[in-house]
Amino acid sequence: VKSPMVKVIGKLSFPKHENPSVKLVKYCNANDIFNVYSDRNTAAQINFFGYGRVIAGVYDKGKELRRKNQVLSMKNKFSLIISKTNIKHLNLYKKYLEKSSVEFSQMLLNKEFWLLTDFKGRSDEINSLRNLIPINF
């Protein structure tokens, strides 16, 4: 029995599961979100599946993806993507944003990623979001 959710190779069948990062990149492309900051793992997956259209830098103060962060630093509009597994990162961002005058939108995508976007407010407060997370936090 052939099913669109199963791929048959030889006599073995494998269920098809779309990678959550692929769904995330599709959402970003469909909604004109091309410049994002995220944790190292998620940023690497976004860059891989984004084929250069969606650029992801790292939001901590480390040196990984330095070139991506340099490119993103020249962009006025950016979003934050926080994996649901990084609840400490999400809490730190929310705490900072509650204390600041920055307005923003948030949503949970695919039950896996928090998207913080549409930042409005003082540019210095918004720019500090780019690397708010300490290394190994």
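Is R122 buried, exposed or partly exposed? I looked this up before anything else and found that R122 is partly exposed, because its relative accessible area is 46%, where buried means under 20%, exposed over 50% and partly exposed in between, with a 1.4 Å probe and protein chains only.

I note for myself that this is a predicted model, in which local features need pLDDT of at least 70, side-chain atom pairs count only at pLDDT 80 or more, and totals for chains, interfaces and linings use all residues. Residues are numbered from 1 along each chain as its sequence is written, and side-chain values use heavy atoms, with hydrogens and water left out.

**Entry: salt bridges**

I stayed with R122 and looked for its charged partners, counting a salt bridge where a side-chain nitrogen of Lys or Arg lies within 4 Å of a carboxyl oxygen of Asp or Glu. Side chains of opposite charge can pair when their charged atoms come close. By this rule I arrived at 2 salt bridges. One joins the side chains of R122 and D124, at 2.6 Å from N to O, and the other joins R122 to E125, with the closest N and O atoms 3.7 Å apart. Salt bridges that share partners thus link R122, D124 and E125 in one network. I then looked up the partners and found that D124 is partly exposed, with a relative accessible area of 44%, whereas E125 counts as buried at 12%.

**Entry: a hairpin**

Next I followed strand 6 (residues 103-109) and strand 7 (residues 113-120), which run antiparallel and are joined by 6 bridges. For these names I used DSSP runs numbered from the N terminus, with helices (H or I) of at least four residues and strands (E) of at least two, and I took two strands as paired if DSSP finds at least two bridges between them. Across the pair, E103 stands opposite K120 in strand 7. The two strands form a hairpin with 3 residues between them, and N110 in the turn has a positive phi of about 55°.

**Entry: positive phi**

Most residues other than glycine have a negative phi, and most peptide bonds are trans. I therefore wrote down K111, in the loop between strand 6 and strand 7, whose phi is near 60° and which is exposed, with a relative accessible area of 65%. D32, which is not a glycine either, has a positive phi of about 55°; I found D32 in the loop between helix 1 (20-30) and strand 3 (35-38), exposed at 52%.

**Entry: a buried loop residue**

N86 took me to the loop between strand 5 (79-83) and helix 4 (87-99), where N86 counts as buried because its relative accessibility is 19%. Leaving aside neighbours within four places in sequence, N86 is in contact (heavy atoms within 4.5 Å) with D39 and Y59.

**Entry: nonpolar cores**

Which residues have the most contacts inside the largest nonpolar core? I found Y59, F78, L80, Y93, L116, F119 and L129, in a core of 17 residues, where a nonpolar core is a set of buried Ala, Val, Leu, Ile, Met, Phe, Trp, Tyr and Cys residues joined through side-chain atoms within 4.5 Å. Strand 5, helix 4 and strand 7 each give two or more residues to this core, and helix 4 gives the most, with 3 residues. Apart from it I found another core, of 14 residues, including L24, V25, V36 and A43.
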